[in-house]
Amino acid sequence: MKQSIAHMALVVRDYDEAIDFYVNKLRFELVEDTHQPEQDKRWVIVRPRGSGETSLLLARASTPHQETFIGNQAGGRVFLFLSTDDFQRDYAALREAGVTFVREPKQASYGTVAVFEDLYGNLWDLVQLTDGRQ
């Protein structure tokens with residue numbers, strides 16, 4: 001049996017501002033942006049370039065309760081991990097694009113890592129893992 005996580009929902013305030021951040025700052029690819037008229041929603045999928053695996057479903061908050069989770073999907077912990085094959089290249093590109101880093105790069109036993117915020121304040125690790133790590 002083979003299973004995988006296809007999409008992870010990320011609660012956002014606005015589809016277009018989220019697309020702008022993920023596509024223009026993080027350099028993700030926009031896989032799909034389809035209006036679903038029966039629910040007045042959009043099915044918006046983004047993923048890192050070169051990745052055919054897990055993607056993000058940008059899910060606009062549709063209730064006041066859902067809005068309380070925008071930017072705090074993991075209770076202040078690092079929420080997502082963006083793995084790279086060239087840490088210095090991607091770190092420099094993200095800084096140049098205006099992405100805010102809250103922890104500067106450091107060497108750890110598992111690789112090189114820095115923590116950045118997405119447009120809503122969710123924390124991400126940018127990480128280049130040591131060979132053999134996943």
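Contact here means heavy atoms within 4.5 Å. This is a predicted model, so local features need pLDDT of at least 70 and side-chain atom pairs count only at pLDDT 80 or more, while totals for chains, interfaces and linings use all residues. Residues are numbered from 1 along each chain as its sequence is written, and side-chain values use heavy atoms, with hydrogens and water left out.

**Exercise 1.** Find Thr-112 and work out which residues it touches, not counting residues up to four places away in sequence.

*Solution.*
- Step one: look in strand E7, residues 111-117, for Thr-112. Strands (E, at least two residues) and helices (H or I, at least four) are DSSP runs, numbered from the N terminus.
- Step two: list the touching residues, which are Phe-87, Lys-106, Gln-107, Leu-126, Val-127 and Gln-128.
- Step three: pick out Gln-107, whose side chain makes a polar contact with the side chain of Thr-112 at 2.6 Å. A polar contact is a pair of N or O atoms within 3.5 Å; within protein, one must be able to donate a hydrogen and the other to accept it, and residues adjacent in sequence count only if both atoms are side-chain atoms.
- Step four: check the burial. Thr-112 has a relative accessible area of 13%, so it is buried. The cut-offs are under 20% relative accessible area for buried, over 50% for exposed, and partly exposed in between (1.4 Å probe, protein chains only).

**Exercise 2.** Which residues of helix H3 are buried, and why do they count as being on the same side?

*Solution.*
- Step one: go along H3, residues 87-96, and mark Phe-87, Asp-90, Tyr-91 and Leu-94 as buried.
- Step two: look down the axis. These residues cover an arc of only 100°, so they sit on the same side of H3. The arc is taken from the directions that run from the helix axis to the C-beta atoms.
- Step three: turn to the face pointing away from the buried side, where you'll find the exposed Gln-88 and Glu-96.
- Step four: see what the buried residues pack against, namely helix H1 (15-25), strand E6 (101-108), E7 and strand E8 (123-129).
- Step five: keep going just past H3, and you meet Gly-98 with a positive phi of about 95°.

**Exercise 3.** In the open sheet of four strands, what is the strand order, and which strands are at the edge?

*Solution.*
- Step one: read the order as E1-E4-E3-E2, with mixed pairing. Two strands pair if DSSP finds at least two bridges between them.
- Step two: spot the edge strands, E1 and strand E2 (29-36), each of which pairs on one side only.
- Step three: note the twist. Neighbouring strands of this sheet are turned by 25° against each other on average, direction ignored.
- Step four: zoom in on E1 and E4, which run parallel and are joined by six bridges. Here Met-8 has Leu-56 in E4 as its bridge partner.
- Step five: add H1, which packs on the sheet and touches E1, E2, E3 and E4, its direction making about 10° with that of E3. Axes are lines fitted to C-alpha atoms, for helices over the stretch in contact, and angles run from 0 to 180 degrees between N-to-C directions.

**Exercise 4.** Of the 29 residues in the largest nonpolar core, which touch the most other members?

*Solution.*
- Step one: recall that a nonpolar core is a set of buried Ala, Val, Leu, Ile, Met, Phe, Trp, Tyr and Cys residues joined through side-chain atoms within 4.5 Å.
- Step two: name the answer, Tyr-22, Leu-56, Leu-58 and Phe-116.
- Step three: ask where the core comes from. H1 gives its largest share, five residues.
- Step four: follow Leu-56. Leaving aside neighbours within four places in sequence, its contacts include Met-8, Tyr-22, Val-44, Leu-80 and Trp-124.

**Exercise 5.** Are Arg-27, Asp-40 and Glu-38 buried, partly exposed or exposed?

*Solution.*
- Step one: take Arg-27, in the loop between H1 and E2. Its relative accessibility is 36%, so it counts as partly exposed. Arg-27 also has a positive phi of about 65° although it is not a glycine.
- Step two: move to Asp-40, in the loop between E2 and E3. At 51% relative accessibility Asp-40 counts as exposed, and its phi is near 50°.
- Step three: finish with Glu-38, in the loop between E2 and E3. Glu-38 is exposed, with a relative accessible area of 63%.
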